[in-house]
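Here are some exercises on helix packing and charged side chains. Have a look at the model, then work through them with us.

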Amino acid sequence: MWKNNGRVFSADQGEILQDDPEDPMRTAMRQMMGAFSELEHSMIVARLRTGRKEKAVQGGYACGAPPYGWQAVAGELVEQPAEQSGLARARELLAAGASLREIYRRLEAEQFPPGRSDRWHPEAVRRMLQHEAPYTLRPRTI
């Protein structure tokens, strides 16, 4: 940005000035802020990993949100019948050549329940259909 006479702004700090060979302190401060930012990110990742492990030890499902058509019950994924029907219908429409917009409109018209929203959206349909049929549950390492 600076090479093109642009300015750089950060949401939490305001304008970030370009390194200046006459002011090594500016460079050092930017580098230290970067190091502490990386440390903070690593600490967050470690806390989340620890929380997932603890949840798994207690018998909970600790692998993110269950995919459409599945529900976490007692730490395991089980099929959710209403959503499985919607998934089958979406795959049927896709095989018939329907676009994502056509599929979501048909799912809404036929009153299949969306996953985590009150309405269908083309991107939700795309994510739902990106997995092979039938959805393969892959164990994740925590």
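**Exercise 1.** At what angle do H2 and helix H3 pack, and how far apart are their axes?

*Solution.* This is a predicted model, where local features need pLDDT of at least 70, side-chain atom pairs count only at pLDDT 80 or more, and totals for chains, interfaces and linings use all residues. Residues are numbered from 1 along each chain as its sequence is written, and side-chain values use heavy atoms, leaving out hydrogens and water. Step one: H2 and H3 (residues 100–109) pack at about 140°, their axes lying 10 Å apart. Step two: the two helices are therefore oblique to each other (neither under 35 degrees, nor over 145, nor 65 to 115). Step three: Gly 86, Arg 89, Ala 90, Leu 93 and Leu 94 of H2 make the contact with Ile 103, Arg 106 and Leu 107 of H3 (heavy atoms within 4.5 Å).

**Exercise 2.** Which parts does the pair of Arg 89 and Glu 110 tie together?

*Solution.* Begin with the bond: the two side chains meet in a salt bridge at 2.8 Å, N to O (a side-chain nitrogen of Lys or Arg within 4 Å of a carboxyl oxygen of Asp or Glu). Next, place the partners: Arg 89 is in helix H2 and Glu 110 in the loop between H3 and helix H4 (122–129), so the pair links parts 21 residues apart in sequence. Finally, check accessibility: Arg 89 is buried at 16%, while Glu 110 is partly exposed at 31% (buried means under 20% relative accessible area, exposed over 50%, partly exposed in between, with a 1.4 Å probe and protein chains only).

Definitions and conventions:
Axes fitted to C-alpha atoms, helices over the stretch in contact; angles between N-to-C directions. Helix = DSSP H or I, 4+ residues; strand = E, 2+ residues; numbered from the N terminus.
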